[in-house]
Amino acid sequence: MASSSSDNNKKEHEHIHEGQVRRSISIRLIRHGESQNNQVYRDARRIHRGGTPDFDLRGWLRYVDDRRSADPGLSDIGRIQARRLARYLEPHLANQASRPVRFVVSPMRRTIETILPTLVALNDNGNNNESGTGGSDDGGAACSVMINGLYHESEGCHTREKVEPGMNAQQINASLLNPAGVTNASFEGFASGEENGWWAHANGPETRPESEVRAAKFYVWMMEYLDQQLREASEQDDVRDIFDAGVTLPGEEDERCHDKFAPRTRTRRTAVFVGHGDFMSLVLKRIVAGFGHSVEKEKVPHRSAFVHFNTGMTELEYFGNGRFMVMSQNGVPHLSGPDGGCYVTGGSLKDGWSYLMPTDGCLDSEVSVAFADEVQPHVQEQTEALRSLYLSKRVSTSASSDDETESEENNGGAELTVVVKRGLQVVGCASLNEKTGRVRDVVVRPSARRSQVGKSLIEAVKNHAKQSNIDKIVAQTKTPDEREFFEKMGFSSVGDDDTEGDEDKSDGVYSSEIFRMECKL
């Protein structure tokens, strides 16, 4: 009866969650249109044979230095992309987003130039249609624009390693926003104050580790920016544009979610972040996996990246407290049409994205030792996957009978997990019982078996055992290869522990003897 009651309580708990309101804010991450620098880098790669054995590094650097701008505007194609983006976003946002649509934009020229046609179109539409819905805090304006100094591209603003201050608030307003009719912009994240350029505080180009730190800072800022809006919606009855969009109300039965242009009965709170390909990728890593998977080794670029075409759009939902849902990634429905024209650029390996991947030589091995219940979740997940894939009950370095396993559990002893990582990727793992000195579940990814990963594991086990005053460690092996490996690591056979018979009738696999091996420390 107790078990039945527990099951019923669990089911009731699950159903309670089904009835809870899940408010969310609709988010768009948009990369800028093709810049003049994008064109320079693409041409340099082609002219100087980038990515080939004949790559001319000096020629490439000379070509880029002569033509690169610290803060470039859009290229001719980039301006076409910006106009096409506006033709897509204006009806989409006007019909489905509440007013004001909230824009968070990088302070760099190319991002502002990218979103200006959209801002102009929305403002023109807003002037012709004064009826907006939702909790507007901007006097009925169609758009709310924030220029955020944290959201610039990696490396910052520089010419030949010399710092350029970037534009300040007055310059951005005078040269870009005000002429387009945008007069209500706010400024955030200017380290030296908005009266100075957004990069005026820097001493040189931003390094890779500094980009990662800034991405973490922007990720936290972004969550706070959105969480404040969600909190207002939960506390104030007059905020009507933040709601559970998964619920269909009477009158909404015929609305099609995939139709991006049809009017909605209820328009939604929408935030549009206009930024840069590389830095957006750093932020997206944190959005998708939180902090556990996002921090990279110093001076080494990412091991995963999110590619965006110029003006590529990624659609997210934010539910508060760091909970993001990725709805779509890198969409460019606006860059090709029935006229046969196609203006898709900036999203292929030939555009330089492969340079974000570190070379094999950068991926040094890192060994860590932790108690089994203290292993980080993303490491634990990988170690369990490795054991499931490459260890079997019939052939493994941890071969043991059920009686032996039960005896060890009864004896207690702290169970330690030893892992070898390359960056954030686990390539080998082993377990050590501090009381019995038993080493088990030694597994190395097949592709890493020639690179001393197994040796690193056992050396780490031996070092920890010595520090814990363990006089010997033991392992059990079943195959000649396993015995040979442990012999090389200083183990010796001490006799046969068991034999499992001539044949396993269930799968026809012949078993072999289990050898106990030990290493005195």
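**Note on helix packing, backbone outliers and buried residues**

1. The axes of α7 and helix α8 (residues 277–289) cross at roughly 60° and come within 9 Å. The two helices are therefore oblique to each other. Their crossing is right-handed. Note that this is a predicted model.

2. Which residues of α7 and α8 make the contact? From α7 come R208, S211, E212, R214, A215, A216, F218, Y219 and M222. From α8 come D278, F279, L282, V283, K285, R286 and I287. By class, the residues of this contact split into nine nonpolar, one polar and six charged.

3. A second helix pair deserves a look. Helix α2 (residues 36–47) packs on helix α3 (residues 57–67) at an angle of about 160°, and their axes lie 9 Å apart. That angle makes α2 roughly antiparallel to α3, because angles over 145 degrees count as such. The crossing of α2 and α3 is right-handed.

4. On the α2 side of that pair, the contact residues are N37, V40, Y41, D43, A44, R45 and I47. They meet W60, Y63, V64 and R67 in α3. The contact of α2 with α3 comprises seven nonpolar, one polar and three charged residues.

5. Next, E206. Its place is in the loop between β6 (186–188) and α7 (208–235). Is E206 buried or exposed? E206 is buried, with a relative accessible area of 9%; the cut-off for buried is under 20%.

6. What does E206 touch, leaving aside its neighbours within four places in sequence? The contacts are H152, E153, S154, E155, G156, W199, S211 and R214. Two of these names recur in point 2: S211 and R214 belong to the α7 side of the contact with α8. E206 and E161 are 45 residues apart in sequence, and their C-alpha atoms are 9.8 Å apart in space.

7. E155, one of the contacts of E206, also has a backbone feature to check. Its phi is positive, about 85°, although E155 is not a glycine. Most residues other than glycine have a negative phi. E155 is found in the loop between β3 (143–148) and β4 (158–159). At 38% relative accessibility, E155 counts as partly exposed, because that category runs between 20% and 50%.

8. N330 is another non-glycine residue with a positive phi, here about 60°. Where does N330 lie? N330 is in strand β9 (residues 324–331). With 13% relative accessibility, N330 counts as buried.

9. One peptide bond to inspect is that from R99 to P100. The bond is cis, with omega near -5°. Most peptide bonds are trans. P100 sits in the loop between α4 (76–96) and β2 (101–105).

10. Cysteines. How many disulfides does the structure hold? The count is zero. C429 is buried, at a relative accessible area of 0%. C519 also counts as buried, at 5% relative accessibility.

11. For a visual check, start with the backbone: the cis bond from R99 to P100, then the positive phi at E155 and at N330. Then turn to E206, in the loop between β6 and α7, and view its contacts, H152 and W199 among them. Finish with the helix pairs: α7 with α8, crossing at roughly 60°, and α2 with α3, at about 160°.

Terms used: Residues numbered from 1 in each chain as written. Predicted model: local features only at pLDDT ≥ 70, side-chain atom pairs only at ≥ 80, totals over all residues. Heavy atoms only, no water. Axes fitted to C-alpha atoms, helices over the stretch in contact; angles between N-to-C directions. Helix = DSSP H or I, 4+ residues; strand = E, 2+ residues; numbered from the N terminus. Parallel < 35°, antiparallel > 145°, perpendicular 65-115°, else oblique. Left-handed = near helix turned anticlockwise from the far one by under 90°. Contact = heavy atoms within 4.5 Å. Nonpolar A, V, L, I, M, F, W, Y, C, P; charged D, E, K, R; others polar. Disulfide = S-S within 2.5 Å. Buried < 20%, exposed > 50% of the residue type's maximum accessible area, 1.4 Å probe, protein only.
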